[in-house]
Number of protein chains: 2
Amino acid sequence: MGNLALEPLDRPEGMTTHEYAHRRLRQAIMVGSIRPGESLTIRGIAEAMESSPTPVREALRRLSSEGALRVLDNRRIMVPRMTADRFSELVSLRSVLEQHAARRAVPHITERRIDRLEEIDRAQDEAIARKDNANALLLNQEFHRTLYTANPEQVIMPMVESIWLQLGPFLGIAMEHVAQLYFVDRHQEAIAALRKRDEDAVASAIKADISEGIGGFEHAAIENLLRLAGQ
Amino acid sequence: MGNLALEPLDRPEGMTTHEYAHRRLRQAIMVGSIRPGESLTIRGIAEAMESSPTPVREALRRLSSEGALRVLDNRRIMVPRMTADRFSELVSLRSVLEQHAARRAVPHITERRIDRLEEIDRAQDEAIARKDNANALLLNQEFHRTLYTANPEQVIMPMVESIWLQLGPFLGIAMEHVAQLYFVDRHQEAIAALRKRDEDAVASAIKADISEGIGGFEHAAIENLLRLAGQ
DNA sequence: ATTTTGAAAATGTGATCACAAAAATAATTA
DNA sequence: TAATTATTTTTGTGATCACATTTTCAAAAT
């Protein structure tokens, strides 16, 4: 049942078992440490985290509703396989979604939050420098999340995270076959635009960040990568 | 625990209990037959559909991951309350999302499917004529769903449905206080644009359909409606 | 050697139970 | 009468069990 070991993740007091299972599986999927096609068994996971089938099933159901997992006809649960076409759908949707999220965040952004974004970006650069891909990925997500959640009534975040969840497993594969994942980012450009409260410029920085980041994989490159990984 | 009675919904052979519970609750929420603020109890629902807590809990968890339900700190589960600001977030996101979905569907649309769209639109007009709001709503959703799922690799549909789920309870309130809900739609315009495979025109028809439909509620009108409904 | 058959193990599903926390109700006090 | 306390009921949670289906693996047959 895969290395959902990752890091056991601290479990805050009062957090329910199914919540913990959900968070742990979610993070494992999002940073690509569970391979597509790998099938997950309820009992296996339950045993791995020393609990029982009931809460694990609830966690798996939630993840399937979030698009992170897929239930087959035989009721087996697995991480969906990636295809070049699906990848392209995911990336184009991500671009539209996050541009919109960024625009709607601008009117609510504070200087304090922009400072926080700079910190996160710095931390991400450090993670990249020490080739710590998993943490760089996590910090990149935190950068985007911190931007979008500036909007207090925002309802888009769960959808953005759903996209991340669906792209995660592919990133896991990519990281095994490509040395550097995020050589460039457009975060500085986004920050500059935010300081000016320039919605268009922010949206365009986000668009570029995505299209030059994960969106940079071309159709043929993806098929090669998937073949290489035995998908 | 509310009239999730609605219609008991036929239960296809082989459908699991939690799946059935999920579908039934989902539909009840989507057509607005469960009021915001109304709290749902696991045992209550289980009893109402003659099953047990386990599968009902799974259904509720899925719905909470889909944005349809909210778990409070006391672990109570309820339909989220609407606010004017949240409503505006939902509608603007819906517009962006569905325009994108429509654009990506155009290259895959077939004449047969366009014919099907015309049928659905006709059926919806009939439902409107006989003031059958719930079915008109369902048929409107089927129209949009049929369009977007023309794209076989589409990953956007769960997100669109999540928006519908979040708007559903408000529609239920609106239906109690407003006579006609969908006096106009832009479906014919969308169909004409589809016949010409004109992406821009299709997107613009969908945009208008949303902004003139549910998007037509103005900030003040929403606050009035919510106050009227005792929210 | 490949396929088919049969037994054993693994797995998903849902009902039930025990426990703790929360809510509702009744009893008591100010 | 209103507020507070105590008791009862309701509710969410998670472990366990039984059952049916599926998968796995070994033996037998073609």
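**Protein surface near DNA strand C and the second largest pocket**

Nineteen residues surround DNA strand C, of which Arg43(A), Arg57(A), Arg61(A), Thr17(B) and Ser52(B) come nearest; a residue is near a strand if one of its heavy atoms lies within 4 Å of it. Of the atoms of DNA strand C that come within 4 Å of the protein, 61% belong to sugar and phosphate. The model is predicted: local features need pLDDT of at least 70 and side-chain atom pairs count only at pLDDT 80 or more, whereas totals for chains, interfaces and linings use all residues. Residues are numbered from 1 along each chain as its sequence is written, chains are lettered from A and ligands numbered from 1 in the order in which they are written, and side-chain values use heavy atoms, with hydrogens and water left out.

Polar contacts (pairs of N or O atoms within 3.5 Å) reach both the bases and the backbone of the strand. A side-chain N or O atom of Arg43(A) lies 2.7 Å from a base nitrogen of DNA strand C, and the corresponding distance for Thr54(B) to a base nitrogen is 3.0 Å. A phosphate oxygen of the strand is 3.5 Å from a polar side-chain atom of His18(B). Two or more residues of this surface come from each of helix H2 (42-48) and helix H3 (53-65) of chain A, and helix H1 (17-30) and helix H3 (53-65) of chain B; helices are DSSP runs of H or I with at least four residues, numbered from the N terminus. H3(B) gives the most, with three residues. By class, the surface holds four nonpolar, eight polar and seven charged residues, where Asp, Glu, Lys and Arg count as charged.

The second largest pocket has a volume of about 310 Å³. A pocket is an open set of points on a 1 Å grid where a 1.4 Å probe fits, with protein on both sides within 12 Å along at least five of seven lines, and lining residues have an atom within 4 Å of a point; the volume is the space filled by probe spheres set on the points. Among the lining residues are Arg23(B), Gln27(B), Asn135(B), Glu142(B) and Glu161(B). H1 and helix H6 (133-148) of chain B each give two or more residues to the lining, and H6(B) provides the largest share, six residues. The lining divides into four nonpolar, three polar and five charged residues. Domain 1 (17-78) and domain 2 (84-228) of chain B each contribute at least three residues to it, the bounds coming from an automatic or database domain assignment.

Key. A polar contact is a pair of N or O atoms within 3.5 Å; within protein, one must be able to donate a hydrogen and the other to accept it, and residues adjacent in sequence count only if both atoms are side-chain atoms.
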